[in-house]
Amino acid sequence: MARTRLAALAATATAATVALTALTGCGAADMTRQASPYADAKGSRTVTLSVQSWVGAQANVAVAQYLLEHELGYRVDTVQIDEVPAWDALSQGRVDAILEDWGHPDQEKRYVEDKATIKPGGELGVTGHIGWFVPTYFAEQHPDVTDWKNLNKYANDFRTAESGGKGQLMDGSPSYVTNDKALVKNLGLDYQVVFAGSEAAQITQIKQFAKEKKPFLSYWYKPQWLFEKVPMTEVKLPEHQEGCDADTEKVACAYPHTPLRKFLNARFAEGGGDAAAFLKKFRWTTEMQNDVSLMIAEEKLAPQEAAARWVKENEATWRTWLPS
């Protein structure tokens, strides 16, 4: 299940923009058609990485970029592209690699199986999961809210000015094409999906709710550093079964747990030398990703500063990623 089908930055939206600007050098603009002219350039010592808008993906790119530049002598360009357009850019060689993909079966069939312009780059080592969450302080007061069958009982508690008299189910960016509207309809829930606009805006709203100890129901995902600041408890949706989400109009089941994967441009995968070999080996844990994410989002370090600190403290891990 794709993150863009499923759904993958800081204390405030402003801080998030600062962090993203530091990473991409271009702010939050969609750089789909402004990929590096060096991407896929034969014999070049430049690598172009696609960076997604959520902080975990930024952490991946920050550490990969730091090591490619400081240990392997490459120049690294980063390009912010929404998830599905990133596959097009990767296929065309406008970027060389995607380091965190949440599963796009349609794109994978088109570009990996049919066109063979993209190659799998191995697992990232992190398992992603999308779900509906309530603040733990509310779940402790009302334990039955964690069963979706009881959500209508609490619709008034989750109602906001934006939800039109229904309970609010808060989503993040409209670019994350979720199953939530279909789930609300097919499960007969008295809720309205309301988009915060971005991950950063959603984080800001969640933090504000938590500060005021207000109840909320939110689409959210793991891994994500915010759980360490605002404890949240997942609402159990009908169990996910293979194929239960194949028809996005009829879906009535929970989101799956998805091993996150990397993908490389096919020519880069075969001829990208040490850079391609390094990116194939790049594999870390959820805890490691969250460590870097927290530095970027909460401590407000520039991504490369966060990467430098992590690299200094974890040499035994990253040395295994370098080509032998």
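The chain folds into 13 helices and 9 strands, in what is a predicted model. Of its 324 residues, 56% are buried, and the chain exposes about 13,700 Å², of which carbon and sulfur atoms supply 48%. The points below take up the nonpolar cores, the disulfide, and the places where the backbone takes up particular geometry.

**Nonpolar cores**

- The largest nonpolar core has 89 residues, and those with the most contacts inside it are Leu49, Leu68, Trp132, Phe278, Leu279, Trp284 and Trp310.
- Helix α3, which runs over residues 55–70, gives the most to this core, contributing 10 residues.
- Apart from this there is a second, separate core of 12 residues, with Val95, Ile98, Tyr111 and Val112 among them.

**The disulfide**

- The structure holds 1 disulfide, and the two cysteines that it joins are Cys244 and Cys253, with a distance from S to S of 2.0 Å.
- The link of Cys244 and Cys253 is right-handed, with 80° about the S-S bond.
- The two partners can be described separately in terms of exposure: Cys244 has a relative accessibility of 24% and therefore counts as partly exposed, whereas Cys253, with a relative accessible area of 5%, is buried.

**A cis peptide bond**

- The peptide bond that leads from Lys222 to Pro223 is cis, and its omega is near 5°.
- Pro223 lies in the loop between strand β7, which covers residues 217–222, and strand β8, which covers residues 232–235.

**Positive phi outside glycine**

- Ala116 is a residue other than glycine with a positive phi, the value being near 55°, and its place is in the loop between α5 (105–114) and β4 (118–135).
- With a relative accessible area of 41%, Ala116 is partly exposed, because partly exposed covers the range between under 20%, which is buried, and over 50%, which is exposed.
- Lys300 likewise is not a glycine and yet has a positive phi, of about 65°, and its place is in the loop between α11 (286–297) and α12 (303–313).
- The relative accessibility of Lys300 is 56%, so that Lys300 counts as exposed.

Notes:
Residues are numbered from 1 along each chain as its sequence is written. This is a predicted model: local features need pLDDT of at least 70, side-chain atom pairs count only at pLDDT 80 or more; totals for chains, interfaces and linings use all residues. Side-chain values use heavy atoms; hydrogens and water are left out. Helices (H or I, at least four residues) and strands (E, at least two) are DSSP runs, numbered from the N terminus. Buried means under 20% relative accessible area, exposed over 50%, partly exposed in between (1.4 Å probe, protein chains only). Accessible areas come from the Shrake-Rupley method with a 1.4 Å probe; for residues, only the protein chains shown count as cover. A nonpolar core is a set of buried Ala, Val, Leu, Ile, Met, Phe, Trp, Tyr and Cys residues joined through side-chain atoms within 4.5 Å. A disulfide is a pair of cysteine sulfur atoms within 2.5 Å.
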